Protein chains: 4
Amino acid sequence: MIGVGLIGTGFMGKCHAIAWNSVQAVFGDTPGVQLVHLGEMNQELADRKAGEFGFAKASGDWRSVIDDPQVDIVSVTTPNAFHKEMALAALAAGKHVWCEKPMAPTFAEAQEMAKAAAHSGKVAILGYNYIQSPAIRHIKSLLEKNVIGIVNHLRIEMDEDFMADGEAPFSWRNEVSAGYGALDDFAVHPLSLIHSLFGRVSRVMCDMSKPYAVRQNAEGSRRAVETYDIATALIHLENGVSGSLHVNRSAWGRKGRIAVQIFGSKGTILFDQERFNEVQLYLSSDEPALQGFRTMLMAPNHAPYGQFVPAPGHGLGFNDLKIIECHEYLRRIATGEGNVIDFGDGLEIERTVHAMAKSHASQRWIDVR
Amino acid sequence: MIGVGLIGTGFMGKCHAIAWNSVQAVFGDTPGVQLVHLGEMNQELADRKAGEFGFAKASGDWRSVIDDPQVDIVSVTTPNAFHKEMALAALAAGKHVWCEKPMAPTFAEAQEMAKAAAHSGKVAILGYNYIQSPAIRHIKSLLEKNVIGIVNHLRIEMDEDFMADGEAPFSWRNEVSAGYGALDDFAVHPLSLIHSLFGRVSRVMCDMSKPYAVRQNAEGSRRAVETYDIATALIHLENGVSGSLHVNRSAWGRKGRIAVQIFGSKGTILFDQERFNEVQLYLSSDEPALQGFRTMLMAPNHAPYGQFVPAPGHGLGFNDLKIIECHEYLRRIATGEGNVIDFGDGLEIERTVHAMAKSHASQRWIDVR
Amino acid sequence: MIGVGLIGTGFMGKCHAIAWNSVQAVFGDTPGVQLVHLGEMNQELADRKAGEFGFAKASGDWRSVIDDPQVDIVSVTTPNAFHKEMALAALAAGKHVWCEKPMAPTFAEAQEMAKAAAHSGKVAILGYNYIQSPAIRHIKSLLEKNVIGIVNHLRIEMDEDFMADGEAPFSWRNEVSAGYGALDDFAVHPLSLIHSLFGRVSRVMCDMSKPYAVRQNAEGSRRAVETYDIATALIHLENGVSGSLHVNRSAWGRKGRIAVQIFGSKGTILFDQERFNEVQLYLSSDEPALQGFRTMLMAPNHAPYGQFVPAPGHGLGFNDLKIIECHEYLRRIATGEGNVIDFGDGLEIERTVHAMAKSHASQRWIDVR
Amino acid sequence: MIGVGLIGTGFMGKCHAIAWNSVQAVFGDTPGVQLVHLGEMNQELADRKAGEFGFAKASGDWRSVIDDPQVDIVSVTTPNAFHKEMALAALAAGKHVWCEKPMAPTFAEAQEMAKAAAHSGKVAILGYNYIQSPAIRHIKSLLEKNVIGIVNHLRIEMDEDFMADGEAPFSWRNEVSAGYGALDDFAVHPLSLIHSLFGRVSRVMCDMSKPYAVRQNAEGSRRAVETYDIATALIHLENGVSGSLHVNRSAWGRKGRIAVQIFGSKGTILFDQERFNEVQLYLSSDEPALQGFRTMLMAPNHAPYGQFVPAPGHGLGFNDLKIIECHEYLRRIATGEGNVIDFGDGLEIERTVHAMAKSHASQRWIDVR
């Protein structure tokens, strides 16, 4: 039996809770999972959420979760600013840590976390759920089997519109204390896909911009926006692939887009997270008059789709990605295998984000390492 | 606390199990759910599945599940041929019944089930999950608000390809004892949507066909196929809408298609279950030069999407529909509300299916009632 | 040199004029085309249009066009009611006739036209342009090469929205003198595709409906609508294929949709005239994990695309279909070859339309012949 | 009457010929167009093409076309290397010049052409046909009416696959004498759209790459590729918009893609040349639960679509864009109006291309002017 602690019950906290409740029924091969202890900002909220999510105990103090001897794994789903303190405490208490991304506001803090994880003997990972979809695993398999030949170019875009309303008031997301903007909010996701499919980024040339230079604050006066909603980077990967990476959190109409275009010597692969049960593939080896992008609906022959539904084309949902991640994490803990991004890998992703920011500031190409 | 029994652990059995494991975490407002007792064909399988799905007890005899005093609700997910016997036994034992569709091979049996349910004082429903998606609920809301005016025509198609391989051997699905073919396999689904969105079908004119008249059986000899993989019907609804209904289980490339076209006096609505997180809408009231089908990605303002994900456009999965259904069922039990198709409604759907078959046989229009 | 006469200068008249102006430049292998004589309702309009379209002579009397000894071919593009008289006169005058579809309001008139053409020794064809696209020719080639195996089912829909506005006043299109409604306006087009790809329809079972039973006429009083904007038919083809045919001229949002679904024993073909530079194909022979509908963009290897553009995927337009038709017509005249629907074939299409109307009236299956 | 000369009869030569044959029939308001004189590399080819394209005279020497006193306008459709000499000669002979893009291999030559045009008193334009589509004109109108508010970001991609085959032999396109590669082949097209919709580019930061560093030449030995099939640039426009520009002529499966994403403060516009009869628009002002990208099919209310077809959604083709361009050119000559890119505007486009190349070479941001 594995005892689970959960800190935080917002978007990602609930997503973890659903995963912990379902992983066993979906995969059927996990150790018994026991929902032991839930932590929130106060006892009342903690009690309520523990009831909803099925946790046995609840505390208004997150340290109680970490100190609970029945807890083996701690899900950390609080805002970024708290990740380091909680992860370090959990590791120090001998717990495995499943921390939401990104790691921490500064690179130094992320380094500290990676170092702590490396020395802990425990498994500390980050919640990069988009790498878990059957589609991405299918793409990875296509690449490994050389189906589109040697990849030579890559374009990847991540766009949403939650900051697109210029009339919305100045918020903490517009303050420099929140980070760079779209770069740390979003860029880590496409970078997690690049990391998973291709490996490391070697060089970046980044440009950032602000759709709204000024916003009205709560009192009605106006205040200069300090963060960048849009970032675009030319990139080179260590494997020689060139490409570009785009993030925009003010892109009206985009809700969860992560559009990927992978160009190879024998074909092209397309993917969009807004339709993440589909992958498109063009093969130059198809008979000439029959060539075209084929739209592959995910199906049982695209693992682990079949664990969810035995019929093809019926579709997984966003929460299912976290269930897969949870299963991979349990595999990593049990066997050392498991397709997850641990703190060490996560540090490489954050290193790239910070290199992008530096590139924008200096207006030149930056080597990531 | 509500005690759950589950009979059957195949495609739908697992789907129920996942729903029972998750419904509380997703909705947060259900009574406590206790996974009490799982029944399968033998003790060994029952034990294994109980372990995977988190049920406390396991039996190789389904009657033990029904007789278990801790069980309040019985999920019946076995093949159709067993539905009547199990549902009747469960109702007789004072349990609520959640039975997979369709009700039973013959209309007489379905009538018997509906009658038993009506007299039981318990809540007996059918697993018509496609009516539960935020998209269908959104469409229902658009219709109720008269957004596309008065509906005048409807086309609905359900296609998959699991019988499309003509080289596949003769199977039980090709025997008349399995029913009519695609008509009972599939037609109930689009009919559940019609029932949910518009009400009853009044008249039908149906034509069925066999893509493969003969198949090879296991011993290598050939045998005439007795069921119809394809059925098409002209339909009239009680509300005056005309339309057509199409089912094809030999449609290569279709994996889970349920394509709906609803034509109204002020606009058109389109939907396809293969992309069930999207609804398309055309409004004649849009400014002329700006008219076009808009693709609406499901979002928190399309309930109950927000219970799963607070961010728009991130997507629900097939299993999430069953979680919603489970929640609606629990609401129905608790309050009498809840958007479900009970045995009485289900009987109307099956009545329509049998009318279609009769229409094909007699080659004429048939009044459903 | 071939001398061309044109009667009518509306939608189709202009389309013919553009084709006659361009066919030589596009195909490069036609006899010299001379735009000799244009006929319209009055001299002033005829003069103006002759100037625009590049015709040497103009008459306010269509008989002058037919009587012109320099005219070898007459394009008849006037409303249906005039087709018979003009075509017969032209044939009697020893001219080839290129007549817009459908042939004539009644079947008897169409028969008369076909008979006259058969006895004339001249080439009389109908303007079924949709059969001319590289996409349809490509589909025909796929079918002939057995790429999707034996076809077993067919669905075909033609929808536009020019009658969708219920507030629009009562018009001649709502009068029974205009014909059945969508059936003769539209059904001939999908039937021309069926004829071109598969051959004859043997049996039909049709249902028609009126989205608006009553419309306001010019004086403000209300008048019962006499024609049907919607028609749906179950169909059987002579080659054994079952299917359905749908037409709707009140389908909001549809502008030029002709959606075709062809199901075969080894694959499926999809097409939509609104994106007529694309064909979709699913092949069951593709590697299992790589199966999906491929979207083929028309290209030089889909003749006669390359006559228009040597680069793939650049797209033909609606008028280009008429240019191809013109070229096929000239080939038919010169060599007896040429992919066109002559009056004899056209009569079969109209026979089917009238059988549909009869089926609706009698509410039963009708044998076309 | 306007007399037309045509030099060159390849892809673009034929495209001009079709436009000259059709422009009058399509628009009906042009001066009479006389196809006077066609020039090709030798008399035989010239004679043959003059016959096909309907030109009265033919010469194996292009100077005869320019010297022909009946010729008022010269279409120059030969390879880039000849543009300058021919354009200058034509202008010197007092002819209007319609020259295919790009202007010339070097910026100095382009400058010379622009200067000659400015001093000629004649109208010299470039064949940037993509700016002519009803879709682009519609987008321009949306931008001018502020429908998506203030534009803040732009992404534009142009991809084809005619260089994607790594097994294809070394060709003149791989030699540095052919230019930079995709940059001059393709980048001028998206730049013409940017120029038409937004104005000038101010700064660029470009990165180029080679999918295949080496190709086999005809004799079987291997030779280093000197040009770049892929170029990506960060861009800033003079109006303050940030964005990126991508070109790839080795993108398997892309046939004529020019994908445009325009992000504004009140909405987003999407366009793809492979489906250039459609524009997508997202409006933040739509009712929240009804928001989504709407797909607008081009129609008579998107001028000049209606000149081609009076029915919506029937589609224009690639050659129709040149007919529109021809009409705009005739308007420019007649009235000084007309939406065309003259040599002066074209020079700005080429200035940007050369700045991109310089940016790649120096690995830094370059100011265009």
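## Interfaces and buried charges in a predicted four-letter chain setA:Asn248 is buried, with a relative accessibility of 0% (buried means under 20% relative accessible area, exposed over 50%, and partly exposed in between, with a 1.4 Å probe and protein chains only). The residue belongs to strand β12 (residues 242-248) of chain A; strands (E, at least two residues) and helices (H or I, at least four) are DSSP runs numbered from the N terminus. Apart from neighbours within four places in sequence, A:Asn248 is in contact with residues including A:Met158, A:Asp159 and A:Phe186, and also with D:His153, D:Arg155 and D:Phe263. Contact means heavy atoms within 4.5 Å.

The model is predicted: local features need pLDDT of at least 70, side-chain atom pairs count only at pLDDT 80 or more, and totals for chains, interfaces and linings use all residues. Residues are numbered from 1 along each chain as its sequence is written, chains are lettered from A and ligands numbered from 1 in the order in which they are written, and side-chain values use heavy atoms, with hydrogens and water left out.

**Chain D against chain A**

Chain D and chain A each bring 44 residues to their contact. Together they bury about 3300 Å², 51% of it on carbon and sulfur atoms; buried area is the accessible area (1.4 Å probe) that two parts lose on being put together, summed over both. Of the area that chain D buries against chain A, 19% comes from D:Arg155, D:Leu234 and D:Trp252, more than from any other three residues.

Four salt bridges are counted between chain D and chain A, a salt bridge being a side-chain nitrogen of Lys or Arg within 4 Å of a carboxyl oxygen of Asp or Glu. One salt bridge joins D:Arg155 to A:Asp159. There are also 24 residue pairs in polar contact between these chains, both residues being at pLDDT 80 or more. A polar contact is a pair of N or O atoms within 3.5 Å; within protein, one must be able to donate a hydrogen and the other to accept it, and residues adjacent in sequence count only if both atoms are side-chain atoms.

On the side of chain D that touches chain A, the elements giving two or more residues are β7 (151-159), β8 (201-209), β11 (230-237), β12 (242-248), β13 (257-264) and β14 (267-272) of chain D. The residues on that side comprise 16 nonpolar, 18 polar and 10 charged (Ala, Val, Leu, Ile, Met, Phe, Trp, Tyr, Cys and Pro count as nonpolar, Asp, Glu, Lys and Arg as charged, and the others, Gly among them, as polar).

**Chain B against chain D**

Here 16 residues of chain B are in contact with 16 residues of chain D, and the two chains bury about 1200 Å² between them, 50% of it on carbon and sulfur atoms. B:Ala289, B:Leu290 and B:Arg294 supply 46% of the area that chain B buries against chain D, more than any other three residues. Two salt bridges are counted between these chains, and B:Arg294 forms a salt bridge with D:Asp286.

Across this interface there are 10 residue pairs in polar contact, both at pLDDT 80 or more. On the side of chain B that touches chain D, α6 (134-144), β15 (278-283) and β16 (293-297) of chain B each supply at least two residues; the largest share, four residues, comes from β16(B). This strand pairs with strand β16 (residues 293-297) of chain D in the antiparallel sense over three bridges, where pairing requires at least two DSSP bridges between two strands. Within that pairing, B:Phe293 has D:Thr295 as its bridge partner.

**Salt bridges**

Over all chains the count comes to 116 salt bridges. Selected pairs are listed below.

| Salt bridge | Closest N to O distance |
|---|---|
| D:Arg155 and A:Asp159 | 2.8 Å |
| B:Arg294 and D:Asp286 | 3.3 Å |
| D:Arg203 and D:Asp367 | 3.4 Å |
| A:Arg257 and A:Asp159 | 3.6 Å |
| D:Arg257 and D:Asp159 | 3.6 Å |

In chain A, the salt bridge of A:Arg257 with A:Asp159 ties together parts that are 98 residues apart in sequence, because A:Arg257 lies in strand β13 (residues 257-264) and A:Asp159 in strand β7 (residues 151-159). A:Arg257 is buried at 11% relative accessibility, and A:Asp159 is buried at 0%.

In chain D, D:Asp159 and D:Arg257 form a salt bridge that links strands β7 and β13 of chain D, 98 residues apart. Both D:Asp159 and D:Arg257 are buried. These two residues are linked with A:Arg155, D:Glu157 and D:Asp272 in a network of salt bridges.
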